[in-house]
Protein chains: 2
Amino acid sequence: MNKLDYQAQSQWAYGAGKQQSPIALETVPQNILEAADFLEWQGPYYVQDVCDNGNNLLLHGQGHARLDQRLFHLVQLHFHAPAEHTINGELRAMEWHFVHTDAIGKTAVVAVSAVIGRPNPQFEQILAQYETGKLTTFAETILVTSLLPTTGLIYHYVGSLTTPPLIEGVEWYVAEKPFTISQEQLERYQQFFPKTNNRTLQPLNDRQVMQYDLGSND
Amino acid sequence: MNKLDYQAQSQWAYGAGKQQSPIALETVPQNILEAADFLEWQGPYYVQDVCDNGNNLLLHGQGHARLDQRLFHLVQLHFHAPAEHTINGELRAMEWHFVHTDAIGKTAVVAVSAVIGRPNPQFEQILAQYETGKLTTFAETILVTSLLPTTGLIYHYVGSLTTPPLIEGVEWYVAEKPFTISQEQLERYQQFFPKTNNRTLQPLNDRQVMQYDLGSND
């Protein structure tokens, strides 16, 4: 039996884990749980400044929610293009990550994906703000409440950040239902960020993905 | 701005995190929250086999609980001597880790510490089983339900495993109230495991520790 050396703790290996993100999500109809109160948005969500972190846009903002019964608050919103999670084999045009934390520092990400279609008014405001070149606090906050999932399926699993340091123990809440952005909006975004920034799919390993149905009425 | 290379993802650094365990816990009376239902034990907890993992005893067993409203089940119980967390500066004789997981693979550890005093009947059964030298399934299961915290303060924070791979995102529930073991029991344990196996205290960094009071009546 290989014993740990408690006299040389600084040399212990910090392991790359087996609970990495993103993953391939598949709907399994017989395992869907009804849970209208699984995600509860408490008041408006808004973003109030934009910064370019080198890989994409990152927006700081405010918002409060109960995720699986526990209080979390929004830390930031950022974008991946194309999406990171696949849903039933489909890799969508974008994936927006609403990164939350709770009182003790746990991380939970609510991920909503976008397909090409009608222009999105919130994305329009964000792009317009970024196009001014002023990476500071907005003159007006941008409300993003309407992008949060209130109906349809939520895939829930435990994974990691999708950029270094790739830390695990992150609660994921991935919405099945997409919203739309226009091809023109995507192209404006890609003018600034021409390179893809989606991490490759990671193995599921010894994990279960839960599916919660928020119902069909807003 | 340092850009990530999405064409060389296999070289991304998996970071040693800033949410490591154990930590020094301190009671802050004005921040205690009343929460009689914070930990709900659902039926008996028992262990049914013992193995020597090189550093200590590890027992597999069964048990179900609601921890902070969500269903978890016991995976294993293992020991550290001396304790790992300090409580108001005190490092106790032992710390027992009831390691739980939930349906999606999240890890939660319920930690209960022991001070020297009256002998503990459950520890007696476990030591007696180990002293037979038979590291297999017990003839009879050992009930450990009575060791689970039902009163007093619970420190709750997000940390890591305390042995490699030191993975983070682990929910900790550390009971303030100790149980007792006898000096003779500790010495019998130390005959088998003479070396200490407590990880050094880790920095709190950007974390909050919550304190929940389960109340004073069983």
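What share of the 218 residues in chain A is buried? I looked that up before anything else: buried residues make up 55% of them, where buried means under 20% relative accessible area, exposed over 50% and partly exposed in between, with a 1.4 Å probe and protein chains only.

**Ground rules**

I am working with a predicted model, in which local features need pLDDT of at least 70 and side-chain atom pairs count only at pLDDT 80 or more, while totals for chains, interfaces and linings use all residues. Residues are numbered from 1 along each chain as its sequence is written, chains are lettered from A and ligands numbered from 1 in the order in which they are written, and side-chain values use heavy atoms, with hydrogens and water left out.

**Entry 1: chain A overall**

I found two helices and 15 strands in chain A; helices (H or I, at least four residues) and strands (E, at least two) are DSSP runs, numbered from the N terminus. The C-alpha trace spans about 60 × 40 × 35 Å along its principal axes. I then checked the radius of gyration, taken over C-alpha atoms, against the globule rule of 2.2 Å times the number of residues to the power 0.38. Chain A has 18 Å, which agrees with the value near 17 Å for a compact globule of 218 residues. For contacts (heavy atoms within 4.5 Å), I noted that residues 24 or more positions apart account for 68% of those in chain A with a separation of 6 or more.

**Entry 2: where A meets B**

I looked at the interface next. The contact takes 46 residues from chain A and 46 residues from chain B. Together the chains bury about 3,900 Å², 60% of it on carbon and sulfur atoms; buried area is the accessible area (1.4 Å probe) that two parts lose on being put together, summed over both. On the chain A side, A:Tyr6, A:Tyr14 and A:Ile104 lose the most area to chain B, together 21% of what that side buries.

I counted 10 residue pairs in polar contact across the interface, both at pLDDT 80 or more. A polar contact is a pair of N or O atoms within 3.5 Å; within protein, one must be able to donate a hydrogen and the other to accept it, and residues adjacent in sequence count only if both atoms are side-chain atoms. The elements of chain A that give two or more residues to this side are β7 (70–80), β12 (153–160) and β13 (168–175). The residues of that side divide into 16 nonpolar, 21 polar and nine charged. Here Ala, Val, Leu, Ile, Met, Phe, Trp, Tyr, Cys and Pro count as nonpolar, Asp, Glu, Lys and Arg as charged, and the others, Gly among them, as polar.

**Entry 3: salt bridges**

Which residue forms a salt bridge with A:Lys106? I found B:Glu171, with the closest N and O atoms 3.0 Å apart; a salt bridge is a side-chain nitrogen of Lys or Arg within 4 Å of a carboxyl oxygen of Asp or Glu. The rule finds two across the interface of chain A and chain B, and 16 over all chains.

A:Glu171 forms a salt bridge with B:Lys106, also with the closest N and O atoms 3.0 Å apart. This pair crosses from strand β13 of chain A to the loop between β7 (94–101) and β8 (107–116) of chain B. A:Glu171 counts as buried at 0% relative accessibility, and B:Lys106 is buried at 2%.

Within chain A, I noted A:Glu131 and A:Arg188 meeting at 2.8 Å, N to O. The pair links helix α1 (residues 121–131) to helix α2 (residues 183–192), 57 residues apart. A:Glu131 is partly exposed at 35%, while A:Arg188 is buried at 13%.

**Entry 4: two polar side chains**

I picked A:Thr180, in strand β14 (residues 179–181) of chain A. It counts as partly exposed because its relative accessibility is 25%. Its side chain reaches the backbone oxygen of A:Arg118 at 2.9 Å, and among the residues A:Thr180 touches are A:Val115 and A:Pro119.

My last stop was B:Asn56, in the loop between β3 (39–52) and β4 (57–67) of chain B. B:Asn56 is buried, with a relative accessible area of 3%. A polar atom of its side chain lies 2.8 Å from the backbone oxygen of B:Phe79. B:Asn56 also touches residues including B:Cys51, B:Tyr189 and B:Asn197.

Key: Lists of a residue's contacts leave out its neighbours within four places in sequence.
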